[in-house]
Amino acid sequence: MSKITTELLLERAVPRSTRLRKIETLNLSKLQLKTGDLDPRLFSRLRHLQKLDLSDNLLDKFPNSLTLPDLRVLNCNNNKLEDVTALKQFPLLEELTYENNVYLTLNDDYKVMFLLQNLRLLNGKDITKLANHVRCVNSRKLTSKVTAHWEKFFRDQLPEKYTPEQVKSIKKKFLKSVQTNVVYGPSSLSEFTRWRVKMIAEEFLAYSLGLELNSDTEPEEKSDENEEESTESPREAAEDVAQVGDFSSYISNVLFVTVTPSKRKRNHSKSSPGKKRSKSQASTEEEAEDVSAEPLHFLQCHSKGNSREDFKTQLWSCVFEPVLDSGARKDPIVSSSRTVATCGGESVCLIDCETGTVLKKYKVATEEFFSVAWTTLTMVISDSRKKAHNILAAAGRRGIVKLIHVAADFCYGEIKAHKKPIATVCFSPTQETHLFTASYDKRIALWDIGIPDCDYNFKASQLLVLETASIPLRIALVPTCPEQYLLAGCEDGCFAWNIKLDKGQKSRPFEAIFQFPDDESMTTSHRVDGLAFLNDDVVVSKSSKPGCIYLWSWSRSFDAKGKGCQRTMSAVILAELEWSTTDMSYLTLSTCPAKEYVFCGDEKGSVWMYNLSSYTPAWGSAKGKRSERRISPTQILKWPELRVNGEQPPEILVNNVVADPAFTYLVVLTSVNITAIWKKS
């Protein structure tokens, strides 16, 4: 029996009413309602209903014939909605909220903006301008692409006199082809684009061939195949940005600049200044200049108050999002997308590297974010089904870890991990719920963040505390034994801990501290502000010693058979990389293990790149010897000539630089609130 009766409707009316047809405002929240409880025959009597609250129920969809002709405001927060297309039956809807419906995505936002012509507010945000773009510009461009696709590939396939069977066959082929090949905007909107393309294609065929129009707007099955890259310019794609939930609607400040992509080779020759080149020009000049990467986008997306005048916000950390269902833990080449998470100041951004579109932005007004990390959790969804979702952890000055379910645009929880700032975080590659947090309180904590249920209830627990002698700046798990050893670069040295959980001791001192060359002697006392593994054995670390990055062997340096804690061990140096002579700290390095590259920025906005593939075979041998000379950078990507409002930005430090596993994109984070994205030629 339905939970909704005439008596209930009259009682829940605001104010209470004696007749259904007189009700204008109705509150049906927190009644555990399911879709079957919404009886169209009963609702059809609510002819003058303008405001309806269905929040905090169990609805997974809307019946197609509720018949509420005057509905203006609808609240569906905290349900289990999987589809929004049935909302088209409320054409006068002006305000709509459906936050905390985990299965709804950015694609659904675009669908309702297209379907509901009078919609002004979506999840509390004014979407008037964006909705007009979706209905007009987006539709116009897609219509043009659909028409062009027909003219180029299908028009000549249809004979002058055709049979219904021929038309049916050509329609089926055309709809499949056009949904596969017509792309527009960022890949995060690919489902919406396919949905609109199908609709436009059916309208086109109905008009051109006199076919019956299919008015079904049920969602297409989501494809697991990788989407094709956007063919639109970054500026066009940037117009197609929206987001919901804890993320504010945002279009990034794209810096339109004159750039000079120059490079220093081993002889450090300099290129002359020039204007930004087109791709065709780049291809003809590549051999002469030997430029392996070109500047693609310059974004100012972490500005405080979205101000274009903000050149003070420091950007600290970035990491590429894993691709779901790609075997990411097995094959690093396919373990990331072109979407990168960046953090700095009060915000965390998700950026499409190809288009330069800021897909989502998460802000905490009192926070300064220092680090972000991804993990993939298998979560239980409706009907006890399990599905993999990417979760982003972000932490910073407040010592709190924020846990964000990105696909749902929802920060579902936080862990008060430390009383002092968190310098860096990282997830275990083998235990997806295990998160390490390194803090200014001179502790590194290991947490089990748990797996949230369908209502986002979760339980986090602290598993381990590693005591450090000084502030930990960078941490890395040893690739061959990520559940046993952790390495940390700290303010006063490089340390290693045994993190195996079968040991009874929950709070542990360091097991080893490493010595490094210092002029004529060895020393343990130096700031290590860059640390990463190049492969299973080779560690790359940068210390306060100017002009030098060390490569050393973990297996030959660490004596796992030794007894006792706080032992001093000499790092077995394999090579030194030539780097800037600056004594400035906290310009960190990164590696691309699959391509055997090391990257490090400097105090002048340049990126030093080292291709070490010709050296690693020798280092991997049992008698691998140290390279006698410092290894020069394979190339140096110099900061382009860049003017904003006719002026050059202040002094540019490269705080961090990260490549995706396939080394297609290079993301450069600076001290002046500029994210630079380079693309490998």
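**A walk from a kinked helix to a hairpin**

Helix H4 has a kink of about 35 degrees, centred on Val-134. Keep in mind, as you look around, that this is a predicted model.

Stay with H4 for a moment. The helix covers residues 128-153, 26 residues in total, and at 1.5 Å a residue it should span 38 Å. Its end C-alpha atoms are 37 Å apart, which agrees with that expectation. Which residues of H4 are buried? They are Leu-130, Ala-131, His-133, Val-134, Arg-135, Asn-138, Ser-139, Leu-142, Val-146, His-149 and Trp-150. Notice that Val-134, where the kink is centred, is one of these buried residues.

Now let us move along the chain to some strands. Strands of a sheet pair through backbone hydrogen bonds, either parallel or antiparallel. One open sheet here has five strands in the order E17-E18-E19-E20-E24, and its pairing is mixed. Why is one side of E17 and of E24 left without a neighbour in the sheet? Strand E17 (422-427) and strand E24 (507-508) stand at the edges and each has a single partner strand, so one side of each has no neighbour there. For E24, look at strand E20 (residues 461-467): the two run parallel and are joined by two bridges. You can find one residue pair here yourself, since Leu-466 has Arg-508 in E24 as its bridge partner.

The UniProt record adds a label to this part of the chain. In an unreviewed entry, it lists residues 415-449 as "repeat: WD". Over residues 415-449 the model is 0% helix and 57% strand, and the end C-alpha atoms are 8 Å apart.

Our last stop is strand E22 (residues 485-490). Is E22 largely enclosed or open? Six of its six residues are buried, so the strand is largely enclosed by the rest of the structure. Tyr-485, Leu-487 and Gly-489 point one way from E22, while Leu-486, Ala-488 and Cys-490 point the other way, and all are buried.

E22 also has strands to pair with. Strand E21 (residues 472-477) pairs with E22 in the antiparallel sense over five bridges, and Pro-472 has Cys-490 in E22 as its bridge partner. Strand E23 (residues 493-498) also runs antiparallel to E22, joined to it by six bridges. Here Ala-488 stands opposite Phe-495 in E23. How many residues lie between E22 and E23 in their hairpin? There are two residues between them.

Conventions:
Residues numbered from 1 in each chain as written. Predicted model: local features only at pLDDT ≥ 70, side-chain atom pairs only at ≥ 80, totals over all residues. Heavy atoms only, no water. Helix = DSSP H or I, 4+ residues; strand = E, 2+ residues; numbered from the N terminus. Expected span 1.5 Å × (residues − 1). Bend = angle between axes of the 7 residues up to and from the residue. Buried < 20%, exposed > 50% of the residue type's maximum accessible area, 1.4 Å probe, protein only. Pairing = 2+ DSSP bridges. UniProt positions renumbered as here; feature names shortened; annotations may be inferred.
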